[in-house]
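I opened the structure with the sequence beside it and kept notes as I went. The entries follow the order in which I looked things up.

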Amino acid sequence: MEETIVYNSLARQLAPQIEAQLQTVVEPDLEIDVFNLGLIYAVDLTPEGHCHVKLTFTELTCDCQATVLPQLAAALTKVAGIKAVTTEIVYTPAWTMARITRNGRRFLGLAV
């Protein structure tokens, strides 16, 4: 489980499945998934199956929002217990390269 993502108690129970699905959503400009890039800040899940995701992008003018957001919703609804997904784009705290996971750093050829 990635320690930089804040989960509420219900989402934490599904964290391995959620993270597996997040790894299928690729940020097209950098060609790396949103999980390993560190774009996901928080995941909250209600008992009714509504999942709210706080995420960011590497820059304010990222064109990939139009493709990433629907892919994210489609991927997360594959997790048993998640029926609907809403996203909230935030820029505070600002994304930094420090959020990239160890696997992401390897993929991008950065020092681990």
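The notes below go from the whole chain to the sheet and then to single residues.

**Entry 1: the whole chain**

I note at the start that this is a predicted model. I counted the secondary structure elements and found 5 helices and 6 strands. Reading along the sequence, I wrote the pattern down as β-α-α-β-β-α-β-β-α-β-α.

Next I looked up the overall dimensions. The C-alpha atoms fill a box of roughly 40 × 25 × 25 Å along the principal axes. For 112 residues, a compact globule would have a radius of gyration near 13 Å, and the protein has 13 Å, so the two agree.

I then checked burial and found that 42% of the 112 residues are buried. The exposed surface comes to about 6000 Å², with carbon and sulfur atoms supplying 56% of it. Among contacts with a separation of 6 or more, 62% are between residues 24 or more positions apart. Last, I looked up the charges: there are 8 positive and 12 negative ones, and their mean positions are 8 Å apart.

**Entry 2: the sheet**

In what order do the strands of the open sheet lie? I read E1-E4-E5-E6, which makes 4 strands with mixed pairing. E1 (6-7) and E6 stand at the edges with a single partner strand each, so one side of each has no neighbour in the sheet.

I went through the pairs from E1 onward. E1 and E4 (residues 40-45) run parallel and are joined by 2 bridges. As an example, I found valine 6 opposite alanine 42 in E4.

E4 and E5 pair in the antiparallel sense, over 5 bridges. Here alanine 42 appears again, with lysine 54 in E5 as its bridge partner. Isoleucine 40 stands opposite leucine 55 in E5. E4 and E5 form a hairpin with 4 residues between them. In the turn I noted glycine 49, which has a positive phi of about 95°.

E5 and E6 run parallel, and 6 bridges join them. One of the pairs I looked up was valine 53 with threonine 87 in E6.

**Entry 3: covered and uncovered strands**

I asked how many residues of E4 are buried. The count is 5 of the 6, so E4 is largely enclosed by the rest of the structure.

E5 (residues 50-55) needed a separate note, as I had to list two faces. In a regular strand the side chains alternate between the two faces of the sheet. The covered face of E5 holds Cys51, Val53 and Leu55. The uncovered face holds His50, His52 and Lys54.

**Entry 4: threonine 87**

I came back to threonine 87, which is found in E6 (residues 84-89). Is this residue buried, partly exposed or exposed? Threonine 87 has 31% relative accessibility, and partly exposed means between 20% and 50%, so threonine 87 counts as partly exposed.

Leaving out residues up to four places away in sequence, I listed what threonine 87 touches: His52, Val53, Leu55, Leu69 and Leu72. I also looked up the distance to leucine 69, which is 18 residues apart from threonine 87 along the chain. Their C-alpha atoms are separated by 7.3 Å.

**Entry 5: asparagine 36**

Asparagine 36 lies in helix H3 (residues 34-37). The relative accessible area of asparagine 36 is 8%, and the cut-off for buried is under 20%, so I marked this residue as buried. Which residues does asparagine 36 touch, not counting those up to four places away in sequence? I found Gln23, Arg99, Ile100, Thr101, Asn103 and Gly104.

**Entry 6: two places in loops**

I then looked at backbone angles in the loops. Glutamate 31 has a positive phi of about 60°, although it is not a glycine. Glutamate 31 lies in the loop between E2 (26-27) and E3 (32-33). With 57% relative accessibility, glutamate 31 counts as exposed.

The other place is a cis peptide bond, which joins threonine 92 and proline 93. Omega there is about 0°. Proline 93 lies in the loop between E6 and helix H5 (102-108).

Definitions and conventions. Residues numbered from 1 in each chain as written. Predicted model: local features only at pLDDT ≥ 70, side-chain atom pairs only at ≥ 80, totals over all residues. Heavy atoms only, no water. Rg over C-alpha atoms; globule rule 2.2 N^0.38 Å. Buried < 20%, exposed > 50% of the residue type's maximum accessible area, 1.4 Å probe, protein only. Contact = heavy atoms within 4.5 Å. Areas by Shrake-Rupley, 256 points an atom, 1.4 Å probe, with all protein chains shown as cover. Lys, Arg positive; Asp, Glu negative; His and termini not counted. Charge placed at Lys NZ, Arg CZ, Asp CG, Glu CD. Pairing = 2+ DSSP bridges.
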